[in-house]
Amino acid sequence: MTGTPAPFTADDYQARMERAARAADAGLAGVLVAPGPDLVWLTGYAPPAATERLTLLVLAAGQAPVLVVPTLEAPDAEKAAGAPALTLRDWTDGKDPYATTAPLLDAAGRFGVSDNAWALHLLGLQKALPGTSYVSLTEGLPMLRAVKDAAELERLAAAGEAADATYEEILKVSFAGRRESEVAGDLADLLRRFGHSQVDFTVVGSGPNGANPHHEAGERVIENGDMVVLDFGGLKHGYGSDTSRTVHVGEPSAEERRVHDVVREAQEAAFRAVRPGIACQDVDRVARAHITESGYGDRFIHRTGHGIGVTTHEPPYMIEGEEQPLVPGMCFSVEPGIYLPGRFGVRIEDIVTVTEDGGRRLNNTSREMAVVH
């Protein structure tokens with residue numbers, strides 16, 4: 001396992017806020033960021049708990065960043081790594097937080113708003129400034145966090161390494177005769193053992209449950225002869241992991257091997273297609289074409305991939321209609337699958353980053369079908 005990376009500095013956060021303000025200036029009056037992953041990425045600040053009290057970062061080209069916070073939470077905000085690059089403006093209970101925020105905004109401006117902002121707060125701003133309009137950041141600035149710098153790539157690689165170590169260890173445990181939930185618990189324990197501070201999901205889809213891509217590990221007892229889809233990930237050093245492998249309990253049938261081979265070949269072809277300049281949808285098209293040509297096109301029922309960073313799912317998305325070109329530093333999953341209802345499913349997934357001349361996998365465990373006991 002790699003060591004703990006150096007923390008991000010106030011200069012790092014200042015550069016991110018400046019970049020967001022410049023990007024917004026191309027078509028927006030500014031960016032409004034509520035508590036959540038965007039706020040953490042831009043400032044290093046995560047409020048102590050979800051709250052109905054307004055906390056909002058205001059970014060606009062030509063003006064210093066301002067973080068509006070409740071007075072009782074201002075001491076925590078002042079401790080954030082990005083606080084030296086911010087001006088804090090606090091408001092007290094009993095006062096109108098929107099009256100505090102309104103002077104910071106262009107009264108007729110169009111603003112990008114973080115996707116998880118509360119409707120309560122957005123409606124409050126609209127009431128205070130009826131001439132304003134709003135667009136979600138996913139729509140207005142979809143690539144805000146998409147291109148990772150070297151320090152972010154280091155963290156993503158460490159998360160991928162930990163997920164790989166988790167997979168290598170899970171192959172050593174017993175599957176047959178145990179509930180899916182027990183194996184899922186093993187996966188969660190292993191992710192934490194290898195440095196994850198947060199486990200986001202541990203999918204264990206055995207037999208017919210594997211035909212549901214987002215199956216919640218349940219009480220089904222895994223049997224000899226089952227195909228088992230494993231999909232797991234979370235956060236390490238604040239950045240995400242997400243990998244899938246499909247194993248078999250005992251020797252697989254010829255059909256099971258064929259389906260697994262088709263998915264493995266589709267995943268390899270899609271990975272080899274990754275390079276700067278191609279559209280996100282082209283990665284999906286390559287994987288989907290191979291599965292379709294193999295006769296299983298109608299059983300590949302989800303997109304080929306999603307971005308990853310401070311969250312395990314974020315833009316860009318590898319799906320038909322997404323014409324955003326790939327750029328060095330982008331990180332996303334490549335995870336085709338085939339799902340045969342009532343029988344079994346297969347999915348193989350790696351996190352990939354775009355390099356100057358192609359792509360690099362951040363997951364490096366074998367993609368061959370593993371036989372477990």
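Buried means a relative accessible area under 20%, exposed means over 50%, and partly exposed lies in between. With that cut-off in hand, let's work through some exercises on this predicted model.

**Exercise 1. Decide whether Asp 350 and Arg 361 are buried or exposed, and describe how their side chains meet.**

Step 1. Start with Asp 350: its relative accessibility is 0%, so this residue counts as buried.

Step 2. Turn to Arg 361, where the relative accessible area is 10%; Arg 361 is therefore buried too.

Step 3. Now look at the contact. The two side chains form a salt bridge, with an N to O distance of 2.5 Å.

Step 4. Place the partners in the fold: Arg 361 sits in strand 17 (residues 359–361) and Asp 350 in strand 16 (residues 350–354), and the pair, 11 residues apart, links distant parts of the chain.

Step 5. Widen the view. Asp 350 and Arg 361 belong to a network of salt bridges that also takes in Arg 245, Glu 268, Arg 272 and Arg 367.

**Exercise 2. Find which parts of the chain are tied together by the salt bridge between Asp 93 and Arg 53.**

Step 1. Check the geometry first: the closest N and O atoms of Asp 93 and Arg 53 are 2.8 Å apart.

Step 2. Locate each residue. Asp 93 is in the loop between strand 4 (87–91) and helix 4 (97–101), while Arg 53 is in the loop between helix 2 (37–43) and strand 2 (56–60), so the bridge ties together parts that are 40 residues apart in sequence.

Step 3. Add the accessibility. Asp 93 is partly exposed at 48%, and Arg 53 is partly exposed at 23%.

**Exercise 3. Classify both partners of the salt bridge between Glu 251 and Arg 257 by accessibility.**

Step 1. Confirm the pair: the closest N and O atoms of Glu 251 and Arg 257 lie 3.4 Å apart.

Step 2. Apply the cut-offs. Glu 251, with a relative accessible area of 60%, is exposed, whereas Arg 257, at 37%, is partly exposed.

Step 3. Put the pairs in context: a search of the whole structure finds 23 salt bridges.

**Exercise 4. Describe the surroundings of Gly 82.**

Step 1. Find the residue in the loop between helix 3 (74–78) and strand 4.

Step 2. Read its accessibility: at 0%, Gly 82 counts as buried.

Step 3. List the contacts. Leaving aside residues up to four places away in sequence, Gly 82 touches Ala 10, Tyr 13, Met 17 and Thr 43.

Step 4. Finish with a distance: the C-alpha atoms of Gly 82 and Ala 15 are separated by 10 Å, with their positions 67 residues apart along the chain.

Definitions and conventions
Residues numbered from 1 in each chain as written. Predicted model: local features only at pLDDT ≥ 70, side-chain atom pairs only at ≥ 80, totals over all residues. Heavy atoms only, no water. Salt bridge = Lys/Arg side-chain N within 4 Å of Asp/Glu carboxyl O. Helix = DSSP H or I, 4+ residues; strand = E, 2+ residues; numbered from the N terminus. Buried < 20%, exposed > 50% of the residue type's maximum accessible area, 1.4 Å probe, protein only. Contact = heavy atoms within 4.5 Å.
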